[in-house]
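Me: Hi! I have a protein open on my screen and would like to talk through a few of its helices. Could you help me find my way around?

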Amino acid sequence: MKLISKYKPKGDQPQAIQNLTNGLNKNKKHQILLGATGTGKTFTIANVIEKTQKTTIVLSHNKTLAGQLYSEFKTFFPNDRVEYFISNFDYYRPEAYVPSSDTYIDKTSKTNWDIEAMRMSTCNSLISGKKTIVVASVASIYGQLNPTEYEKNFLEIYVGQKILRKDLLLSLVKRSYVRNNIDSKPGTFRARGDVIEINPGYTNEHIIRVEQFGNEIENIKKIDKFTGEIKKTFKKYTIYPASSYSTRPETIKKALVEIKIDLKNRIKYFKNNNKLLEAQRLEQRVLSDIDSLSEYGTTTGIENYSRYFNQKKSGEKPYTILDYVVANSQKRNEKPLMIIDESHMMIPQLNGMYNGHKSRVEQLVKYGFRLPSALDNRPLQFYEFENEFPQFNKIYVSATPANYELNLTNGEIISQVVRPTGLLDPTIEVCSTKFQIEDIYDRIQKQKQKKERTLILTITKRMAEELSLYLQERNEKVSYIHSELKTFQRDEILRKLRLGIYDVIVGINLLKEGIDIPEVSLILILDANKESFFRSDKSLIQIIGRAARNVNGHVVLYGDHITNSMQKAIDETKRRRKIQKKFNQKNNIKPTTIIKKISEPLNPEQGTIIDKLINNSLNENNSTSNFSNHKTAIKKEIERTRGKMFKAAREMDFERAAQMRDLILELESLITK
């Protein structure tokens, strides 16, 4: 793996890189990188990965930050395998039963197939034995198919291979591919004569065309899905399963035997305890699932039978993506690396997943909605995460490491306080809550004159939405961001803030850790004096750090008195500023705002016409001066979009019309820059 960057390690980065690398070479199991915001912790870790050449998994506690880390590592390692593994649901309501009201709630979910493709790509890269960097969320501790079983489902084909056309098609179906001659989407194939076109489950960018002559494979080609151009030809090719839960028929047959035995025993238990309703309910449901598994190889809620497919015993640790990382490293006889980013947030999240899941599923099992095996479709317990993966060397990365990490290293830390750019921690101001909304509005006007961005942090979603609406009514270019927005939506809003389409974003804790927006020079923190999780000293230090990438970084704490948490955050910021100033004076460094390229959309298909109009000029120059060159094109696009809006309204597609209206507002904002 080769790191490609025009930057060289500076400030505290060289010593941090060396110390972390030395620790890994000495097989230290736990290390802490205490890095102040904006000191380039991700760049430091990228250098460590290059020096050690370890397959690496980077754990992040929220999808927004995971998306940013994924984009950064893709930039640092453009020629290597960088993968993205988060939850594949845009919406998910788990199956549940409420005994007090006798209410059964069926599972409701909406799968994001773009993310599912990325998850598939992660599994394929790891199983293939390639050195890989995986950026993952808490989804990393949830159940996956046994990596050995998954690998057995790979289909190797090669030029000159003798195989009947029907047998090749049947092989695809057994690997969860669906024949579809109309809609060319991932996980499908179409067959016309001697040509079979396969849409891999892990990508929507290309297809694999297999050409036969009689019963012999004559050509294997990778074809660009949109241009039809031949990208590559192969002598041998591995077809990966269409689904990460694709299971061989013989494995399903073995599982069905065990399912029937457990069903019989569970029905007997219910009848012996005079629970006839539960016995009947369970029997009907499981027999229906057995029929589906026998006929189609899958069923609704198949994850509840994962223990049987993985050949695990009751209570055993489930397989997760961590097992795939371990399997990858074992093929090369090395130890993998785990980076726990923002560890003060990630560790508590990992610790809290299991109990909530268990209490919900226990009700389903108790009242006959599921077999006891459903309890084994679960996230890892924290002790399993800690103790069942001794292969990993772990680096905990945080500006505010917690006691858990400090205890593991006996308080030993590797500090990274000085920034390569010479930037100081922001200045801090405490303001009264009296007339705070008017004060916020006035400060935004001054920010706009400087062409710099603003973040406003509230403690509730309602306040974020109401403040955003108030500012919009005063013709401010503002948006709010919180957990109810989809992954790609949050990523796109942050991109638009950087592009200048928005001047202000209002948020809660999603804007607290790891968000890298150098254009932001002002942060306004509402209810700073309300002691809580969101306003603890560690939280405030993290929030203050969001303004540490701009030379004009300034933070306003709105509160009518100074709490202990506020004072600790202010004191720590002053301590860091003192160290940073001393380093700058000694090395004759003048602080400069970070210049950072604006990355492409996390999902390329989510890019808007605005990105095309702006082209690459803004990315290269990081300014808004080039917008004037695009006014004619923007005006034409406004007229085209307005026509689409009216057409959608006439067709009573009001949701589409509203989207067109919002796009017009964004386009018009570019002209007024």
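Reply: Happy to; we can begin with the whole chain and then go helix by helix. Keep in mind that this is a predicted model.

Me: Great. How many helices and strands does the protein have?

Reply: There are 22 helices and 25 strands.

Me: And what share of the residues is buried?

Reply: Of the 673 residues in the protein, 53% are buried. As for contacts with a separation of 6 or more, 74% of them join residues 24 or more positions apart.

Me: OK, let's zoom in. Where does leucine 69 sit?

Reply: Leucine 69 is part of helix H3, which covers residues 63–76.

Me: Is leucine 69 buried or exposed?

Reply: Leucine 69 is buried, because its relative accessibility is 4% and the cut-off for buried is under 20%.

Me: Which residues does leucine 69 touch, leaving out those up to four places away in sequence?

Reply: Leucine 69 touches Thr42, Val58, Ser60, Val135 and Asp341. Take Val135 from that list: valine 135 is 66 residues from leucine 69 along the chain, yet their C-alpha atoms are separated by 7.0 Å.

Me: Thr42 caught my eye. Which residues make the contact between H2 and H3?

Reply: First the geometry: the axes of H2 (residues 41–52) and H3 come within 11 Å and cross at roughly 50°. The two helices are therefore oblique to each other, and H2 passes H3 in a right-handed crossing. On the H2 side the contact uses Thr42, Phe43, Ile45, Ala46 and Ile49, and on the H3 side Leu69, Glu72, Phe73 and Phe76. Sorted by class, that contact of H2 with H3 has seven nonpolar, one polar and one charged residues.

Me: Nice. Now something further along: at what angle do the axes of H17 and H18 cross?

Reply: Helix H17 (residues 537–544) and helix H18 (residues 564–587) have axes that cross at roughly 45° and come within 8 Å. That angle makes H17 oblique to H18. The crossing of H17 past H18 is right-handed.

Me: And which residues of H17 and H18 meet there?

Reply: H17 brings Asp537, Leu540, Ile541 and Ile544. They meet Ser565, Met566, Lys568, Ala569, Glu572, Thr573 and Arg576 of H18. By class, the contact of H17 with H18 has five nonpolar, two polar and four charged residues.

Me: Changing topic: which residues of H6 are buried?

Reply: In H6, residues 165–174, the buried ones are Leu168, Leu169, Ser171 and Leu172.

Me: Why are they on the same side of H6?

Reply: Because they cover an arc of only 155° around the axis, they end up on the same side of H6.

Me: Which strands do the buried residues of H6 pack against?

Reply: They pack against S9 (155–158), S10 (178–179), S11 (188–192), S12 (195–199), S13 (206–213) and S16 (236–239). After H6 comes serine 176, with a positive phi near 75°.

Me: Last one: how many residues of H10 are buried?

Reply: Eight of the 11 residues in H10 (residues 321–331) are buried, so this helix is mostly covered. The buried residues are Ile321, Leu322, Asp323, Tyr324, Val325, Val326, Asn328 and Ser329.

Me: And what follows H10?

Reply: Asparagine 333 follows H10, and its phi is positive, near 55°.

Technical notes:
Residues numbered from 1 in each chain as written. Predicted model: local features only at pLDDT ≥ 70, side-chain atom pairs only at ≥ 80, totals over all residues. Heavy atoms only, no water. Buried < 20%, exposed > 50% of the residue type's maximum accessible area, 1.4 Å probe, protein only. Helix = DSSP H or I, 4+ residues; strand = E, 2+ residues; numbered from the N terminus. Arc of directions from axis to C-beta. Contact = heavy atoms within 4.5 Å. Axes fitted to C-alpha atoms, helices over the stretch in contact; angles between N-to-C directions. Parallel < 35°, antiparallel > 145°, perpendicular 65-115°, else oblique. Left-handed = near helix turned anticlockwise from the far one by under 90°. Nonpolar A, V, L, I, M, F, W, Y, C, P; charged D, E, K, R; others polar.
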